[in-house]
Amino acid sequence: MTRAALLIGALTHARKEWEQLGQVAETLYEYPSGTRNEFLSRCRSGAFEGIHALYRSNDSNKCTGNFDAELLDALPKTLKFICHNGAGYDNIDVPACTERGIAVSSTPIAVDDATADVTLFLMLGALRNITPSFQAVRQGKWRGNFALGHDPKNKVLGILGMGGIGAAVAQRAKAFGMRIQYHNRTQLPAEKEEGAKYVTFDELLATSDVLSLNLSLNPSTRHIIGKREFEKMKDGIIIVNTARGRLIDEAALVDALKSGKVWSAGLDVFEEEPKIHPGLLEAENVVLLPHMGTATYETQRDMELLVLDNLKSAIQSDRLLTQVPEQKEDATKR
Ligand SMILES: O=CC(=O)O
């Protein structure tokens with residue numbers, strides 16, 4: 001059996017483990033950098049013949065563009081597994097992969113703690129409305145135009161999307177004395193609820209003091225928070241987003257920040273990264289980070305290793321360890 005593997009983009013922490021895959025894969029191909037057109041023409045010229053599984057990442061998306069139907073059709077027909085480095089995989093057309101019999105894995109669990117830490121960092125920063133103070137002290141103005149912030153204690157934290165990251169956020173927020181509620185499409189079993197109260201989407205909007213977005217982006221969640229949803233929220237709500245920018249209609253958020261409907265926001269992700277809506281850049285009541293939720297040495301290494309474990313399992317036993325939930329749901333429907 002000739003089973004080859006392809007690495008798209010770079011590995012920073014687990015190069016040795018990739019090379020060790022040479023013991024189970026016949027050939028290891030690499031496409032470290034380039035453009036989408038170059039990638040498509042290399043695929044079409046048969047450069048990656050016999051690949052059974054590939055490694056890609058949110059970072060390597062810049063060398064291939066999205067894994068859409070056009071790109072999937074150009075890849076060798078032998079490809080059966082896409083092992084993706086990232087908790088989010090909105091740049092992969094999962095239904096198109098399923099149609100072609102390609103299984104996809106992502107990196108849940110490995111990302112949970114680091115992303116939850118950044119969520120808390122942004123939430124505390126937004127509660128204190130920290131941006132004007134950060135700016136004033138660096139400009140030699142000491143506290144500048146200083147105003148009081150808010151405590152997390154006794155505030156209601158609404159978590160939209162109680163998966164691994166949402167649960168890690170809940171664990172941390174409990175230590176700050178917050179009251180926690182969440183909404184998912186379906187209620188979780190009690191042992192996975194972290195003591196949080198299950199509420200409907202509308203209740204979550206209407207009764208949360210802080211709303212944290214911890215769900216994945218897909219066609220049904222795009223702009224899940226927009227003008228209508230802001231209208232249903234408490235006046236002075238705080239919004240935190242460490243998931244994906246496109247979950248929020250950014251123009252509507254800018255309006256809600258200007259009107260005071262939203263008191264402040266903490267954002268790690270944006271609709272058109274790396275572009276940021278000028279209204280967010282101008283707003284003093286927003287804490288901004290450049291999409292760095294998982295950017296720690298430990299987490300980046302854990303993510304790379306999890307992708308390589310998936311790749312090895314795909315090559316050796318045609319199984320993924322952390323297959324994306326949509327495909328598992330599809331399988332149970334069949
Ligand atoms: O945004 C980060 C990820 O998807 O892992």
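1. Thr 221 is placed in the loop between β9 (210-213) and α10 (227-232). Its relative accessibility is 10% in this predicted model, and the cut-off for a buried residue is under 20%, so Thr 221 counts as buried. The side chain of Thr 221 also has a polar partner: one of its polar atoms lies 2.8 Å from the backbone nitrogen of Asn 218.

2. Asp 235 belongs to another loop, the one between α10 and β10. Is Asp 235 buried or exposed? With a relative accessible area of 66%, Asp 235 is exposed. Its side chain nevertheless makes a polar contact, at 2.8 Å, with the side chain of Lys 261. Asp 235 may also be compared with Ser 259: the two are 24 residues apart in sequence, and their C-alpha atoms are 9.8 Å apart in space.

3. Strand β10 comprises residues 237-241, and strand β11 residues 262-267. The two strands pair in the parallel sense, over 5 bridges. As one example of the register, Ile 239 has Ala 265 in β11 as its bridge partner.

4. Where do β10 and β11 stand in the wider sheet? They belong to an open sheet of 7 strands, whose order is β8-β7-β6-β9-β10-β11-β12. The pairing in this sheet is parallel. At its edges are β8 (197-198) and β12 (286-288), each of which pairs on one side only. As general background, the strands of a sheet pair through backbone hydrogen bonds, in either a parallel or an antiparallel manner.

5. Strand β4 (residues 81-85) deserves separate comment. How many of its residues are buried? The count is 5 of the 5, so the strand is largely enclosed by the rest of the structure. The cover extends to both faces of β4: Phe 81, Cys 83 and Asn 85 are buried on one side, and Ile 82 and His 84 are buried on the other.

6. The pairing of β4 involves strands β3 and β5. Strand β3 (residues 51-57) runs parallel to β4 and is joined to it by 5 bridges; here Arg 56 stands opposite His 84. Strand β5 (residues 103-105) also runs parallel to β4, with 3 bridges between them. In that pairing, Val 104 of β5 is the bridge partner of Ile 82.

7. The connection between β4 and β5 can be described through helix α5 (residues 94-99). Together, β4, α5 and β5 make a β-α-β unit, and this unit is right-handed.

8. Which residues are found around the ligand? They are Asn 58, Gly 86, Ala 87, Gly 88, Arg 244, His 291 and Met 303. By class, this shell contains 2 nonpolar, 4 polar and 1 charged residues.

9. Several distances describe the surroundings of the ligand oxygen atoms. An N or O atom in the side chain of His 291 is 2.6 Å from an oxygen atom of the ligand. For Gly 88, a backbone N or O atom lies 2.7 Å from a ligand oxygen atom. For Arg 244, a polar side-chain atom lies 2.8 Å from an oxygen atom of the ligand. The ligand on its own has 190 Å² of accessible area, of which the protein covers 87%.

Notes: Residues numbered from 1 in each chain as written. Predicted model: local features only at pLDDT ≥ 70, side-chain atom pairs only at ≥ 80, totals over all residues. Heavy atoms only, no water. Near = heavy atom within 4 Å. Polar contact = N/O pair within 3.5 Å; in protein donor to acceptor, adjacent residues only side chain to side chain. Areas by Shrake-Rupley, 256 points an atom, 1.4 Å probe, with all protein chains shown as cover. Nonpolar A, V, L, I, M, F, W, Y, C, P; charged D, E, K, R; others polar. Buried < 20%, exposed > 50% of the residue type's maximum accessible area, 1.4 Å probe, protein only. Helix = DSSP H or I, 4+ residues; strand = E, 2+ residues; numbered from the N terminus. Pairing = 2+ DSSP bridges. Right-handed = clockwise from strand over helix to strand, strands pointing away.
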